[in-house]
Amino acid sequence: MTFPRPALLVSLLGVLLIAVATFSSVAVRAQSTSVPIQGYAWSNYLGWIHFNGANYGVFEDSGSGELSGYAWSPYFGWITFNKDELSGCPSGSCQAKVNQGNGAVTGWARSCAAFADKNACSGELDAGTGFLEDDGSNTRWDGWIHLSGSNYGITSTNGCWTGY
């Protein structure tokens, strides 16, 4: 089969345009990395909270700002920052994350000590979990830890957290 010269040129040009359009539309994405959160935080209720250890840690996704992993409190055990364990939080967005524009840490974390199965960090709440509120009432704690509010908050700069 022979093609007339103009038809051959048009066919080749069409194939070339399709190839250029296909390869030029491939976006080059910056690869996200997990930035470990280093150090400790203090809570009057939970004591020292360790954000990284030999076999655990809390990490910030450098692309999305989402936090994941586990922190450890010697008094209350594991504290989760994992998205799939944070659904049903008391208010706002449940996902713990860092705003990539201003470094504000928002969302929630949850202490696994609130659950009957402390290692699963989900399921039924522990019926015996409670602590003494400032007003003297013994209140059942559901484990939620709000990471920011109207008069408190945390800021992250390259994995270094500051604030209260």
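Strands in this tour are DSSP runs of E with at least two residues, numbered from the N terminus. Keep that in mind as you click along, and remember that the model is predicted.

**Start with the whole chain**

Show everything as a cartoon. The protein has one helix and 15 strands. Of its 164 residues, 30% count as buried. Now think about how the chain folds back on itself: among contacts between residues at least 6 apart in sequence, 46% join residues at least 24 apart. If you switch on the surface, you are looking at about 10700 Å² of accessible area, and 58% of that area belongs to carbon and sulfur atoms.

**Stop 1: the largest pocket**

Select strand S2 (40-43), strand S13 (144-146) and strand S15 (160-163), each of which supplies at least two residues of the lining of the largest pocket. The volume of this pocket is about 810 Å³. Of the 30 residues that line the largest pocket, the closest to its centre are Ala41, Trp42, Ser43, Ile49 and Ile145, so show those five as sticks to find the middle. What kinds of residue make up the lining of the pocket? The lining divides into 21 nonpolar, eight polar and one charged.

**Stop 2: the largest nonpolar core**

Next, select Phe51, Leu67, Ala71, Ile79, Phe81, Val105 and Trp161. Of the 22 residues in the largest nonpolar core, these touch the most other members. Strand S6 (67-73) and strand S10 (108-111) are the elements that give two or more residues to this core. A general tendency is worth recalling here: in soluble globular proteins, nonpolar side chains tend to be buried together.

Zoom in on valine 105. Leaving out residues up to four places away in sequence, valine 105 touches Leu67, Lys97, Val98, Leu147, Ser148, Ile154, Thr155, Ser156 and Trp161. Two of these contacts, Leu67 and Trp161, are also on the list of core residues that touch the most other members.

**Stop 3: serine 148 and threonine 106**

From valine 105, step across to serine 148, in the loop between S13 and strand S14 (154-157). Is serine 148 buried or exposed? Serine 148 counts as buried because its relative accessibility is 17%, and the cut-off for buried is under 20%. Apart from residues up to four places away in sequence, serine 148 touches Val105, Thr106 and Gly153.

Threonine 106, one of those contacts, sits in strand S9 (residues 104-106). With a relative accessible area of 32%, threonine 106 is partly exposed. Beyond its neighbours within four places in sequence, threonine 106 is in contact with Gln95, Ala96, Lys97, Leu147 and Ser148. Try a distance label here too: the C-alpha atoms of threonine 106 and threonine 155 are 9.1 Å apart, although the two are 49 residues apart in sequence.

**Stop 4: glutamine 95**

Follow the contact from threonine 106 to glutamine 95. You will find glutamine 95 in the loop between strand S7 (77-80) and strand S8 (97-98). Glutamine 95 is buried, at a relative accessible area of 10%. Setting aside residues up to four places away in sequence, glutamine 95 touches Glu66, Leu67, Phe81, Lys83, Thr106, Gly107 and Trp108. Leu67 and Phe81 are among these contacts, and you met both at the core stop.

**Stop 5: serine 111**

Move to serine 111 in strand S10. How accessible is serine 111? Its relative accessibility is 0%, so serine 111 counts as buried. Not counting neighbours within four places in sequence, the contacts of serine 111 are Phe76, Trp78, Ile79, Trp141, Gly143 and Ile145. Serine 111 and phenylalanine 76 are 35 residues apart in sequence, with 7.2 Å between their C-alpha atoms.

**Stop 6: cysteine 121**

Carry on to cysteine 121, in the loop between S10 and strand S11 (130-132). Cysteine 121 is buried, with a relative accessible area of 2%. Check its backbone: phi is near 55 degrees, a positive value in a residue other than glycine. For context, most residues other than glycine have a negative phi.

**Last stop: glycine 63**

Finish at glycine 63, in the loop between strand S5 (56-61) and S6. Glycine 63 counts as partly exposed, at 47% relative accessibility. Outside its neighbours within four places in sequence, glycine 63 is in contact with Ser32 and Gln100. For a final distance label, pick glycine 63 and threonine 33: they are 30 residues apart along the chain, and 7.2 Å separates their C-alpha atoms.

Technical notes. Residues are numbered from 1 along each chain as its sequence is written. This is a predicted model: local features need pLDDT of at least 70, side-chain atom pairs count only at pLDDT 80 or more; totals for chains, interfaces and linings use all residues. Side-chain values use heavy atoms; hydrogens and water are left out. On a 1 Å grid over the protein atoms alone, a cavity is a set of points where a 1.4 Å probe fits but cannot get out, and a pocket is an open set with protein on both sides within 12 Å along at least five of seven lines; lining residues have an atom within 4 Å of a point. Grid points are joined across faces, edges and corners, and a volume is the space filled by probe spheres set on the points. Helices (H or I, at least four residues) and strands (E, at least two) are DSSP runs, numbered from the N terminus. Ala, Val, Leu, Ile, Met, Phe, Trp, Tyr, Cys and Pro count as nonpolar, Asp, Glu, Lys and Arg as charged, and the others, Gly among them, as polar. Buried means under 20% relative accessible area, exposed over 50%, partly exposed in between (1.4 Å probe, protein chains only). Contact means heavy atoms within 4.5 Å. A nonpolar core is a set of buried Ala, Val, Leu, Ile, Met, Phe, Trp, Tyr and Cys residues joined through side-chain atoms within 4.5 Å. Accessible areas come from the Shrake-Rupley method with a 1.4 Å probe; for residues, only the protein chains shown count as cover.
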